Amino acid sequence: MLAVSLSVIRPARATTKRLDQKVDSVLNLMTLDEKIGQLVLYTSNWDVTGPVMGTDNLKAIREGKCGNIFNAYTAKYTRELQEIAVKESRLGIPLLFGYDVIHGHKTIFPISLGEAASWDLAAIEKSARVSAKEAAAMGIQWTYAPMVDIARDPRWGRISEGAGEDPFLGCAIAKARVHGFQGDDLADPTTVLACVKHFAAYGAPIAGRDYNTVDMSERMLREVYLPPYKAAIDAGALSVMTSFNELDGVPATASHFLMTEVLRNEWKFKGFVVTDYTAINELVPHGVAANLKDAAMLAMNAGVDMDMQGGAYNDYLKELVKERKVSEEQIDTAVCRVLKLKFMLGLFDDPYRYCNEKREKETIYAKENLDAAYDVACKSMVLLKNNKEVLPLKAGQSIALIGPLADSRRDLLGSWKAAGDWDQISSVYSALKKANQGVRVTYSKGCELTGGDTSMFAEALVNAKKADVVVMVLGESCEWCGEAASRTSISVPDIQKKLLHEVSTLGKPVVLVLMNGRPLALVDEYEWSDAMLEAWFPGTMGAEAVADVLLGKYNPSGKLPVTFPRNIGQVPIYYSAKNTGRPYEPDGPEQKYRSRYIDSSNQPLFPFGFGLSYTSFAYKNMRLGKSTITGNDSLEVSVDVTNTGKYPGDEVVQLYIRDLVGSVTRPVKELKGFKKISLDKGETKKVSFWIRTNDLAFYRKDMSFGTEPGKFIVFVGGSSDAENSKEFSLTE
Ligand code: NOJ
């Protein structure tokens, strides 16, 4: 029964002070049970994303013991649940609905790692904007994104969900995604609240095994892993999700250091912190809590506001307050944070503002959403090889399209496909046929994704023999990336490699299109093919994008956001490594006692930032505005980039810096700037970057953040192998 009229607690859009007053006015009406209820998040029984705890959610909502629901969507269903909260609970406080809208809601964009390969911040922001619009039209106000975990180990399946290995690129993308989801105003009913995850350092599990221990120096944590979370928070993200891993012996969900000292005290975060799925319960097997009650106490005392699905807060917070192990004041603070967001999202103004079936119908799969997904899919593709200009395909050619992913639709959406419908999209095969660009396409599956069955090889080989060009679509299943999908091998499965090898012996030009959610070791594939296109899992419009890139309607411009190793033994491998005391110099005299492998090159197959185009670019005339900077100076670095090939094209111009001598060792290169430019055939553009002294700051020996005078090298080019360089100095 609604005992308290909602009008008492529904503000108009309020200033912060008025908002606080409104929040307080609700808090004052609440019993301890109802307060705890606002800190409880349960999954609906739709689309469950982890082990489900036995609980009667509807009863909990009615009793005010569950203030938040995830994995429920559609305007109709969320309205039904919202009505229970608003009409049947004592205070009628609206529910907050969350969901994993990671790279699209209905219209699915490329997996996040693929989007990152676009290096196109406006396109990435647009992807998040469209995702927010669609999700918000289906009853959602809160997405569990962006995932900003830096990842340098391709064994980890969740490398597919982030922006790759680099903090600079990671920060820029984190910011774009937060802004895309949240817009300028959370009260706008087409935006959703972002949730930065997984705090912190979830992307560095030992041996790449999901949920495994993370152990790193505070320097590494602060320099590499923390910046993207901070960037997302600075961009306005108002919720944060804890990570499953431990860090320095303390699971993140029990870490006062992370949740309070860093997040609140250092970064001044004002939103609320939610756990990952049952992460409080997992404090018991982690071995820092003897039982669930202790676990609840540890989490609350660390600074965790909301319990996702674990039931620990529901079951034990009241008892902990009675025993004075947790104070009611702490609970009030957490509740206020949650209520504040509900006010900001306009839920108290109108709890049903996200449950409009007409809006839902108009928004889902709107043409502009599909166009945006197509655009990002094109931009995400990375051309890894293109010998003898095999690509683009030419009109009049006959194409043998071969491979287990060539006519797959389900895999195109990748992991976290949210509410996406794979059965309504095109496969590469159907898209190539539909494109109708004068090529003739004959399809053979050739083999399954895995296993040893070669019975379909013969037909595929006959098909290949008859064609002018063979296009093979190989790689991973969409289920091999994402959560709980770590691999010990990063190879294309043997059966697919065998098929590729046999096809390659026919002497026909072979184009390899790869779909995968992690860097793969592709040395053999590189040898056996003439062209290679990394398509990731490209989403709802991905097949059309692959077809148009192959046909030359779109000239690829993607650059790898993560290093592709030669073999798994090189992992973890990343461009911003340290030099070591015995750097390997391939042309130096004595090489035995150097930092190297005796059975492999040190170099990756494809470096971070790498990606080709159907055209070519020349970098010339690199120059610095001055040779010394100091104080608040900025240094201009410019270069002339010319399109020297046959097609108009886009290039991502990248700037890297090396600090030669410091009180602690510095990476051999660090990305400090990038610009994506378009150039017509023969066109030259001057590209300028401005380096500020602050860009040269780092955590010094005493862990203070700042600069040190000395010499630096700045590099500019089209990948992290950039060779154009100049030296400059920073003086005090
Ligand atoms: C567990 C995952 O780690 C997290 O990323 C996700 O948001 C939650 N499950 C909710 O589905």
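## Around Leu 405

Let's start with one residue and its surroundings: leaving aside residues up to four places away in sequence, Leu 405 touches Asp 411, Leu 449, Val 473, Leu 474, Gly 475, Glu 476 and Met 515. Please keep in mind that this is a predicted model. Leu 405 sits in the loop between β12 (398-402) and α17 (428-435).

Is Leu 405 buried or exposed? Its relative accessibility is 0%, and because buried means under 20%, Leu 405 counts as buried. One of its contacts, Glu 476, is 71 residues apart from Leu 405 in sequence, yet the two C-alpha atoms are 8.4 Å apart in space.

## Nonpolar cores

The largest nonpolar core holds 186 residues. Within this core, Trp 142, Phe 199, Ile 331, Met 472 and Leu 522 have the most contacts. Helix α14 (residues 328-344) supplies the largest share of the core, with eight residues. Another core, of 22 residues, lies apart from the largest one and has Phe 617, Met 622, Val 637 and Ile 677 among its members. As general background, nonpolar side chains in soluble globular proteins tend to be buried together.

Ile 331 is worth a look in your viewer. Not counting residues up to four places away in sequence, Ile 331 touches Leu 32, Lys 35, Ile 36, Leu 39, Met 300, Leu 317, Val 321 and Val 326.

## A five-stranded open sheet

Next comes an open sheet of five strands, in the order β18-β26-β25-β20-β21, with mixed pairing. Its edges are β18 (628-630) and β21; each has a single partner strand, so one side of each is left without a neighbour in the sheet. From one strand to the next, the twist averages 25°.

How many residues of strand β20 (residues 649-659) are buried? Ten of the eleven are, so β20 is largely enclosed by the rest of the structure. Nine bridges pair β20 with strand β21 (residues 670-679) in the antiparallel sense. Strand β25 (residues 710-717) also runs antiparallel to β20, joined to it by six bridges. Leu 655 ties these pairings together: it stands opposite Gly 673 in β21, and its bridge partner in β25 is Val 716. Elsewhere along the β20 and β21 pairing, Asp 650 has Ser 678 in β21 as its bridge partner.

## Helix α9 and its packing

Helix α9 (residues 227-234) has several buried residues: Pro 228, Tyr 229, Ala 231, Ala 232 and Ile 233. The buried residues of α9 pack against α7 (167-182), β5 (195-199), α8 (218-225), β6 (239-242) and α10 (256-266). Just after α9, Gly 236 adopts a positive phi of about 110°.

## The largest pocket

The largest pocket contains about 1400 Å³ of space. Its lining is made up of 46 residues, and Pro 167, Phe 168, Cys 171, Pro 227 and Lys 672 lie nearest the centre.

Which elements give two or more residues to this lining? They are α6 (121-137), α7, α8, α9, β21, β22 (684-692) and β23 (698-699). Helix α7 gives the largest share of the lining, seven residues. Two of these elements have already appeared above: α7 is packed against by the buried residues of α9, and β21 is an edge strand of the open sheet.

How values were computed
Residues are numbered from 1 along each chain as its sequence is written. This is a predicted model: local features need pLDDT of at least 70, side-chain atom pairs count only at pLDDT 80 or more; totals for chains, interfaces and linings use all residues. Side-chain values use heavy atoms; hydrogens and water are left out. Buried means under 20% relative accessible area, exposed over 50%, partly exposed in between (1.4 Å probe, protein chains only). Helices (H or I, at least four residues) and strands (E, at least two) are DSSP runs, numbered from the N terminus. Two strands pair if DSSP finds at least two bridges between them. A nonpolar core is a set of buried Ala, Val, Leu, Ile, Met, Phe, Trp, Tyr and Cys residues joined through side-chain atoms within 4.5 Å. Contact means heavy atoms within 4.5 Å. Axes are lines fitted to C-alpha atoms, for helices over the stretch in contact, and angles run from 0 to 180 degrees between N-to-C directions. On a 1 Å grid over the protein atoms alone, a cavity is a set of points where a 1.4 Å probe fits but cannot get out, and a pocket is an open set with protein on both sides within 12 Å along at least five of seven lines; lining residues have an atom within 4 Å of a point. Grid points are joined across faces, edges and corners, and a volume is the space filled by probe spheres set on the points.
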